[in-house]
Amino acid sequence: VVLNHWGYDALRPLQLETMQAALTGQDALVVLPTGGGKSLCYQAPALVREKPTLVVSPLIALMKDQVDGLLQRNIPAAFLNSSLDEQDRRRVWQGIAKNQYKLIFVAPERFAGDAFFNLLEEAGTGAFAIDEAHCISHWGHDFRGDYRRLGQLKQRFPSVPIHAFTATATPRVRADIVAELSLNDPLELVGDFFRPNLIYRVHRRGSGFDDVINAVQDRPNKAGIVYCIRRADVDDVTLQLQAAGVQAVSYHAGMGDEQRTAVQDAFTSGRADVVVATVAFGMGIDRSDIRYVIHAAMPKSIEHYQQETGRAGRDDKEAECLLFYSGADFGLWQHIIQKNDTDSADDHINLLGQMYRFATAQTCRHKKLTTYFGQEWDNNNCKACDFCLDGVEALPDSTVLAQKILSCVVRTGQRFGAAHVADVLVGKVTDRVTQRSHDQLSTFGLLSDHPKQMAMGWMDQLVDQEMLNREPEFRTLALTDQGWQVLRSEADAQLCEVVCAKLKKRAPRRKPTSLAASFADAEDFLNKGSKTTRGRRRSSAATSNGQKPHADTAPQPLSPDERALFERLRILRKDIAQEMNAPAFMVFSDKTLREIARHQPKTESDMLAVKGIGPAKYEAFGEQFIKLVNVTPQTNE
Ligand code: ADP
């Protein structure tokens with residue numbers, strides 16, 4: 001069947017085992033990395049079944065392509081999702097009733113009511129294939145409530161086999177999939193997650209995106225994807241790349257459908273080589289010669305990271321996966337998660353923490369990735385990551401170095417984040433350092449020969465080795481029992497050189513033009529389908545810098561004195577945030593600062609009466625803000 005319909009002369013790992021399970025009617029859970037060939041595993045067995053195979057997938061955008069591909073191979077198939085109009089929907093519905101298809105693709109919401117279940121019962125179903133099955137688990141990175149309804153499939157169709165497929169499932173998620181789908185004695189197959197042609201390197205990011213721009217410039221004429229967290233960052237990086245002469249195009253969910261399709265087509269067909277994108281880009285990108293995937297910032301889970309980097313080097317030739325991370329990425333994601341995922345914020349923050357530990361760990365990257373997905377690892381040298389290739393060895397004076405750092409954490413009171421402790425260690429005189437008299441400490445300037453980034457990286461390594469504990473919300477550092485042991489010379493620590501992103505000089509860039517002009521260029525380029533517009537600029541009246549003007553949502557304007565206090569409060573907030581190595585909004589929002597400026601709380605109870613300040617926030621920052629309010633001259637009374 002495979003040879004006749006697909007023309008493949010060999011099967012990929014686990015495809016045979018999966019298809020055998022499908023044909024014997026055994027339930028199965030199959031974890032294969034992206035590109036491992038999961039679709040064939042349910043498509044080929046469907047051909048020899050009398051009744052159709054129902055494929056559940058959340059990826060509506062890909063269904064049409066899948067169905068078109070099958071129709072081209074003369075395999076009767078159809079899809080049912082919200083993109084169909086009423087007439088087409090009815091046609092497919094009737095086709096199912098008449099048993100016309102071998103494969104039917106549906107979105108999970110199809111099971112919302114009883115009607116579709118009833119139709120399947122009447123028409124008969126040969127098998128269920130559940131794609132992206134991790135969506136059923138709360139522990140996964142992409143939980144979808146609609147998937148929970150699939151739990152009913154086993155009750156309603158006890159004799160129909162279910163095959164669940166996913167590319168990313170930790171052992172915990174796998175157990176959850178089996179339980180939620182009530183799989184009956186399932187065959188569990190986990191593929192090989194080690195891709196030796198992918199070279200992983202991780203760098204602590206300097207300020208801005210200079211490192212990212214350099215990295216792209218260093219890889220001319222190669223296909224690559226640059227992932228950013230926010231749309232504004234996508235626009236920013238695209239502009240900077242274009243200004244540096246790289247013909248990069250943006251892709252994010254805020255763009256219109258047409259424009260997104262144009263970018264996707266241009267990239268897939270090789271007309272565009274560099275796409276700067278949010279996570280929205282990548283599903284269904286069928287380009288095998290992607291030579292690099294750069295993360296301009298840390299993704300929010302190892303699952304995302306693995307999926308996104310897995311798009312590189314599908315042709316099995318060498319490709320690079322570069323991650324530029326910073327502690328601030330953690331704070332930003334934390335904020336986004338707390339804002340958007342109120343029900344499952346803790347689960348997502350846990351996944352985020354795992355990702356941060358991956359970035360800061362000093363172990364083989366492939367080992368960390370594969371073992372995260374439950375695979376055994378007994379390879380001493382992967383020959384494909386910074387740790388194994390560049391020979392990161394423990395520094396000879398590791399323990400003494402660790403003691404210097406740990407003692408600075410103690411001397412500063414175990415109440416500060418890595419950024420402030422690093423300032424003290426490298427001997428940087430900041431306002432915060434002098435205000436706290438931390439320049440008088442014996443640990444001030446102990447690491448003055450080292451850059452601050454490196455001191456911060458070492459603190460991350462101490463966290464990874466559980467010698468320092470990082471408080472999850474405010475990111476303050478404190479010693480663990482093990483840390484105290486190192487400080488008392490009762491145990492050793494191992495610290496490695498930190499790979500700081502290099503700040504290389506390069507030719508001056510043209511100033512970024514406006515975003516509107518940049519899009520105009522990109523559009524020109526996409527429409528013309530050539531690379532001839534490289535470097536050309538249009539003038540544009542638009543002056544947008546890619547960011548929306550900040551909306552002031554305060555109900556009443558502040559008086560001039562209140563306004564002045566508000567500005568001072570913001571400076572204090574910035575100092576604290578820098579100290580915590582977290583974005584300012586993690587301390588207080590502008591709205592809360594406005595409230596403080598307006599009500600000028602002078603005691604703890606006044607402060608707790610301010611909207612947006614609870615006991616935890618008060619405990620962390622209250623006193624400093626009260627102090628500022630108290631020393632502020634009040635001329636408006
Ligand atoms: P996944 O869903 O696991 O990410 P796909 O099913 O989309 O992967 O397959 C990825 C690519 O590999 C597709 O282009 C597919 O045609 C191809 N492919 C799958 N199985 C084989 C095989 N046995 N031999 C050659 N190519 C294959």
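1. A residue is taken to be near the ligand if one of its heavy atoms lies within 4 Å of it. In this predicted model, the residues that surround the ligand in that sense are Tyr-8, Ala-10, Leu-11, Arg-12, Gln-15, Pro-33, Thr-34, Gly-35, Gly-36, Gly-37, Lys-38 and Ser-39. By residue class, this shell divides into 4 nonpolar, 6 polar and 2 charged residues.

2. Three polar approaches to the ligand deserve a look in the viewer. A backbone N or O atom of Ala-10 is placed 2.9 Å from a nitrogen atom of the ligand, while an N or O atom in the side chain of Lys-38 lies 2.8 Å from a ligand oxygen atom. For Ser-39, a polar side-chain atom and an oxygen atom of the ligand are separated by 2.4 Å. Taken alone, the ligand would expose 570 Å², and the protein buries 69% of that area.

3. Helix H11 covers residues 257-268, which makes 12 residues, and from its first C-alpha to its last it reaches 16 Å, close to the 16 Å expected at 1.5 Å a residue. Which residues of H11 are buried? They include Val-263, Ala-266 and Phe-267. Viewed down the axis of H11, the buried residues fall within an arc of 95 degrees, and therefore they line one face of the helix. As general background, an α-helix has 3.6 residues a turn, so residues three or four places apart point the same way. On the other side of H11, Asp-257 and Glu-258 are exposed. The helix is followed by Gly-270, which has a positive phi, near 90 degrees.

4. Is Met-607, which sits in helix H25 (residues 604-608), buried or exposed? Its relative accessibility is 0%, and because buried means under 20%, Met-607 counts as buried. Along the chain, Met-607 and Gly-622 are 15 residues apart, and their C-alpha atoms are separated by 7.1 Å in the model.

5. Asn-81 belongs to the loop between strand S3 (77-80) and helix H5 (86-97). With a relative accessibility of 1%, Asn-81 counts as buried, although its place is in a loop. From C-alpha to C-alpha, Asn-81 and Glu-109 are 8.6 Å apart in space, whereas in sequence they are 28 residues apart.

Key
Residues are numbered from 1 along each chain as its sequence is written. This is a predicted model: local features need pLDDT of at least 70, side-chain atom pairs count only at pLDDT 80 or more; totals for chains, interfaces and linings use all residues. Side-chain values use heavy atoms; hydrogens and water are left out. A polar contact is a pair of N or O atoms within 3.5 Å; within protein, one must be able to donate a hydrogen and the other to accept it, and residues adjacent in sequence count only if both atoms are side-chain atoms. Accessible areas come from the Shrake-Rupley method with a 1.4 Å probe; for residues, only the protein chains shown count as cover. Ala, Val, Leu, Ile, Met, Phe, Trp, Tyr, Cys and Pro count as nonpolar, Asp, Glu, Lys and Arg as charged, and the others, Gly among them, as polar. Helices (H or I, at least four residues) and strands (E, at least two) are DSSP runs, numbered from the N terminus. The expected span of a helix is 1.5 Å times one less than its number of residues. Buried means under 20% relative accessible area, exposed over 50%, partly exposed in between (1.4 Å probe, protein chains only). The arc is that of the directions from the helix axis to the C-beta atoms.
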